[in-house]
Amino acid sequence: MRTPSVAAVFAALVVALAGCADAPAPDTALPDRLVEAVTGDGAFRHLAELQRIADGNSGNRALGTPGYESSVEYVASTLRDAGYDVQTPTFAVRRFTVQDQRLTVDGGPVPVAALEYSPSTGPSGVTGPLAVVAGEGCQPAALAGIPARSVALVRRGACTFAEKAATAARAGAAALLVANNEDGPLTGVTLGEDTTGAVPVGGLSRADGQALAGRAGTPVTLMLVTAVEESESRNVLAQTRTGNPDEVVIAGGHLDSVPAGPGINDNGSGVAALLETAVRLGGSPGVANAVRFAFWGAEEVGLVGSTQYLRGLSDADRARIALYLNLDMVASPNAGYFVYDGDDSDRVGAGPGPAGSAAIERALAEALTAKGAPPAGTDFDGRSDYGPFIQAGIPSGGLFTGATEPKTPEEAQRWGGTAGAPHDPCYHQACDRLDTVNRTALDRNTDALASTVARFALLTTPLTGR
Ligand SMILES: [Zn+2]
């Protein structure tokens, strides 16, 4: 190390006092330079490291496992070495689990599914006469006079499941059954994690509910063995030391895998593209806006890491986020090239995202087109870590190469690959490994990420009009 001269120290002090530290000036050539600097091979090396981590830790990198902790250490140390300010904040994870769920009516089984956050009946279940309630069971009057310790049967609709469960509890029921009001089983519905004063609640299909409606008074046993597990996990956040910290560009993806496999496409690929971009950008680039890279934990159990992160920010800190870019699966074996449909131009599924999401979609689409992969839209449904960001009103966008849905003939014509086969036949399976990923897709999506991060790091006015 060289000892600085008095003059140099004085000059540095003047600059620091002027409020601009020694930050490099914004580099207008940054988007082109960064796209040039990142490589698919560089991203693939990070992916290979994640595969090695899974191989050394029971084959996965899931929440609560040593494979996840090793993934955190790898990402954090890579970013520290690249000159970033890195943090790995912990967050709480509540997970509802079901060990067993059974309904017997007069000795015969009927399919039942515990509602999320249903209290447990315990392993012996609750037994009582079936009390058939007319309607949805939202009004106390509808349940007045049901036999004590009965199992009440109501229909879905008109009020929340938590309200039905509380009404049934106040009426003296031991448990509640809710029949669907449309075809199919009643699944994927919740009492909400803060529910209190509820009886155990099981969901039935509409057909089973209709069949039971004629059997009032029949003895039934409902057994729902449920639990809420409390644990902790960590996110990794790394921010550039340069750029305006009041106008932050965030790019992120989830770091956890499912327990079934190493999670190399889902979402090692997003992690690899982010790491490659972060390393080539460096911790002190010539940018106007600060860039923050985010690696989320516990995505696979319900977007927990990103949700808790946003919840933990002050309103002022949330307002400092200019935009969020999400990468979740960008190297699917039979890849499509999809950009989240932030402006809802496809008119499919969910509506448009927060204002500014359209400009992000355009930037990502231009970058992919420049790499020979003109993209299509994919519904902006919030089912990855950008969900909490769009709920907070933050303009968002992202890249995706497809999961279990089959590639259409039009897609195969546009991008190559196999029509009729899934984009990722190994989705959430043990075969989601390094040897199945699509390296061309990884390369192109890394370029598109690099281009878009650099572009918004220089200028966010396309989003805000500022
Ligand atoms: Zn994923």
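This is a conversation about reading a predicted model of one protein chain.

Trainee: How many helices and strands are there in the chain?

Mentor: The chain holds 15 helices and 16 strands. Its C-alpha atoms fill a box of roughly 90 × 55 × 45 Å along the principal axes. Of the 466 residues, 51% are buried.

Trainee: Which domains does the domain assignment give?

Mentor: Domain 1 is written as 24-89 + 235-464, and domain 2 as 95-230. Taken over C-alpha atoms, the centres of domain 1 and domain 2 are separated by 41 Å. As for contacts in the chain between residues at least 6 apart in sequence, 79% of them join residues at least 24 apart.

Trainee: Let's do sheets. What is the order of the strands in the open sheet that has E3 in it?

Mentor: Read the strands across the sheet, by who pairs with whom. Here eight strands run E3-E2-E9-E5-E6-E7-E8-E4, and the pairing is mixed. Strand E3 (108-110) and strand E4 (113-114) are at the edges with a single partner strand each, so one side of each has no neighbour in the sheet.

Trainee: And inside that sheet, do E6 and E7 pair in the parallel or the antiparallel sense?

Mentor: Parallel: strand E6 (residues 151-155) and strand E7 (residues 175-179) pair over five bridges. To find the spot on screen, look for alanine 152, which stands opposite leucine 176 in E7. Then there's helix H7 (residues 206-213), which packs on this sheet and touches E2, E3, E5, E6, E7 and E8. The direction of H7 makes about 125° with that of E6.

Trainee: What about the open sheet with E1 in it: what is the strand order there?

Mentor: That one also has mixed pairing, with eight strands in the order E1-E10-E12-E11-E13-E16-E14-E15. E1 and strand E15 (376-378) are the edge strands, each pairing on one side only. From one strand to the next, the twist averages 20°.

Trainee: How many bridges join E14 and E16, and which helix packs on the sheet?

Mentor: Strand E14 (residues 338-340) and strand E16 (residues 396-400) have two bridges, in the antiparallel sense. Phenylalanine 338 stands opposite phenylalanine 400 in E16. The helix is H14 (residues 439-458), which touches E11, E12, E13 and E16. Its direction makes about 180° with that of E13.

Trainee: Now helices. What span should H4 have, going by its residues?

Mentor: Work with 1.5 Å a residue: the 16 residues of helix H4 (residues 66-81) should span 22 Å, and its end C-alpha atoms are 22 Å apart, which agrees.

Trainee: Which residues of H4 are buried, and where do they fall around the axis?

Mentor: The buried ones are Gly67, Tyr68, Ser71, Tyr74, Val75 and Leu79. Look down the axis of H4 and they fall within an arc of 120°, so they line one face of the helix. On the other side of H4, Ser77 and Asp81 are exposed. The buried residues of H4 pack against H3, E1, E10, H8 and E12. Just after H4 comes glycine 83, with a positive phi of about 95°.

Trainee: How does H11 read: how many of its residues are buried?

Mentor: In H11, 10 of the 14 residues are buried, so the helix is largely enclosed by the rest of the structure. Among them are Ile360, Glu361, Leu364 and Leu368. Helix H11 (residues 357-370) reaches 20 Å from its first C-alpha to its last, close to the 20 Å expected at 1.5 Å a residue. Glycine 372, just after H11, takes a positive phi of about 85°.

Trainee: Which residues other than glycine have a positive phi?

Mentor: Two to look at are alanine 298, with phi near 55°, and leucine 303, also with phi near 55°. Alanine 298 lies in the loop between strand E12 (289-296) and helix H9 (304-312), and leucine 303 is in the loop between E12 and H9 too.

Trainee: Are those two buried or exposed?

Mentor: Count the C-beta atoms around each. Alanine 298 has 28 others within 10 Å, so it is buried. Leucine 303 counts as buried because it has 20 C-beta neighbours inside 10 Å, and 20 is where the cut-off for buried begins.

Trainee: Last one: where is the cis peptide bond?

Mentor: Between aspartate 266 and asparagine 267, with omega about 0°. Asparagine 267 is in helix H8 (residues 264-281).

How values were computed:
Residues numbered from 1 in each chain as written. Predicted model: local features only at pLDDT ≥ 70, side-chain atom pairs only at ≥ 80, totals over all residues. Pairing = 2+ DSSP bridges. Helix = DSSP H or I, 4+ residues; strand = E, 2+ residues; numbered from the N terminus. Contact = placed C-beta atoms within 7 Å. Axes fitted to C-alpha atoms, helices over the stretch in contact; angles between N-to-C directions. Domains from an automatic or database assignment. Buried ≥ 20, exposed ≤ 12 C-beta atoms within 10 Å, placed from the backbone. Expected span 1.5 Å × (residues − 1). Arc of directions from axis to C-beta.
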